[in-house]
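Reader: I'd like to go through this one label by label. Can you back each of them up for me?

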Amino acid sequence: MNKYSILLIASGFMSLTACDSGPDSPRGFSLPQGSLNNGQQVFIKHQCLACHALEGVRDKAIVLQLEEAVQLGGEKTKVTTYAELVTSIINPSHKIARNYKLNTVDESGMSKMRNYNDVMTVTELVDLVTYLQPHYKVKPYEYTPYGRYY
């Protein structure tokens, strides 16, 4: 093995481990298994339907807070991970989708979603994410069919 091969292998290894180091690394983060049934109760208890819509879930007693509810679940072109759902609940302004309606963000571009960090227990968070995740389905990307170019 020449020195260039060793250098290439070393740099590849360093690039793979660089994303996994430091105090802000998600390495080792894992939450316990949640309960689907308890998650559904958490969803209703915290009145998530006041701002969100979830296919097959209705509660006429909840007063809507937005003109158009933010859709949860459904078909996505990529997997919606457990970590993404946890982050969306505990830090909703972390990543706001481009297609969100203007009524869901404030004038500074931050999510209007209430901060649940001091209201929801960790167990409730785990159960809620366990309940929501199966509502997301991966829709395979549909390639554009191009005809022959002459």
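**Buried faces and salt bridges**

Author: Sure, starting with helix H3: its buried residues are Leu-85, Val-86 and Ile-89. Seen down the axis of H3, they fall within an arc of 100°, so they line one face of the helix. Among the elements that cover them are H4 and E4. Bear in mind that this is a predicted model.

Reader: How confident is the predictor, and where is confidence lowest and highest?

Author: The average pLDDT of the protein is 80, and 79% of the residues score at least 70. Helix H1 (residues 3–18) has the lowest confidence, with a mean of 51, while H2 has the highest, at 95. Where pLDDT is low, the predicted coordinates should not be read in detail.

Reader: Fair enough. What is the overall layout of helices and strands?

Author: You're looking at four helices and four strands. Going from the N terminus, they run α-α-β-β-β-α-α-β. Of the 150 residues, 25% count as buried. As for contacts with a separation of 6 or more, 62% of them come from residues 24 or more positions apart. The accessible surface comes to about 11900 Å², with 56% of that belonging to carbon and sulfur atoms.

Reader: What makes helix H4 "largely enclosed"?

Author: The count of buried residues does. H4 covers residues 122–132, and nine of its eleven residues are buried, so the rest of the structure largely encloses it. The buried ones are Glu-124, Leu-125, Val-126, Asp-127, Leu-128, Val-129, Thr-130, Tyr-131 and Leu-132. They pack against helices H2 (36–45) and H3 (82–90), and against strands E1 (52–54), E2 (70–72) and E4 (136–138).

Reader: Glu-124 is on that list. Why is Glu-124 called buried?

Author: Its relative accessible area is 11%. Buried means under 20%, so Glu-124 gets the label at 11%.

Reader: And how do you know that Glu-124 and Lys-45 form a salt bridge?

Author: Check the N to O distance between the side chains, which is 2.6 Å. The cut-off for a Lys nitrogen and a Glu carboxyl oxygen is 4 Å, so the pair qualifies. Side chains of opposite charge can pair when their charged atoms come close.

Reader: What does the Glu-124 and Lys-45 pair tie together?

Author: Glu-124 lies in helix H4 and Lys-45 in helix H2, so the bridge links parts that are 79 residues apart in sequence. Lys-45 is exposed, at 55% relative accessible area, since the label applies over 50%.

Reader: How many salt bridges does the structure hold?

Author: Two. The side chains of Lys-78 and Glu-84 also meet in one, at 2.8 Å from N to O. That passes the 4 Å test as well, so the name fits.

Reader: Why are Lys-78 and Glu-84 called partly exposed?

Author: Partly exposed sits between the 20% and 50% cut-offs. Lys-78 has 45% relative accessibility, and Glu-84 has 29%, so both values land in that range.

Reader: Over to His-52. Is it buried or exposed, and how do you know?

Author: Buried: the relative accessible area of His-52 is 17%, and the label needs under 20%. His-52 has its place in strand E1. Its side chain reaches the backbone oxygen of Val-70 at 3.2 Å. Setting aside neighbours within four places in sequence, His-52 contacts Ala-69, Val-70, Leu-72 and Met-113.

Reader: What makes Glu-55 exposed?

Author: Glu-55 has 69% relative accessibility, and exposed means over 50%, so the label follows. You'll find Glu-55 in the loop between E1 and E2. Not counting residues up to four places away in sequence, Glu-55 touches Gln-71 and His-135. The C-alpha atoms of Glu-55 and Gly-73 are separated by 7.5 Å, with the two residues 18 apart along the chain.

Reader: Last one: what is notable about the phi of Gln-47?

Author: The phi of Gln-47 is positive, about 55°, although Gln-47 is not a glycine. Gln-47 belongs to the loop between H2 and E1. At 47% relative accessibility it counts as partly exposed, because exposed would take over 50%.

Technical notes. Residues numbered from 1 in each chain as written. Heavy atoms only, no water. Buried < 20%, exposed > 50% of the residue type's maximum accessible area, 1.4 Å probe, protein only. Helix = DSSP H or I, 4+ residues; strand = E, 2+ residues; numbered from the N terminus. Contact = heavy atoms within 4.5 Å. Polar contact = N/O pair within 3.5 Å; in protein donor to acceptor, adjacent residues only side chain to side chain. Areas by Shrake-Rupley, 256 points an atom, 1.4 Å probe, with all protein chains shown as cover. pLDDT = per-residue confidence, 0-100. Arc of directions from axis to C-beta.
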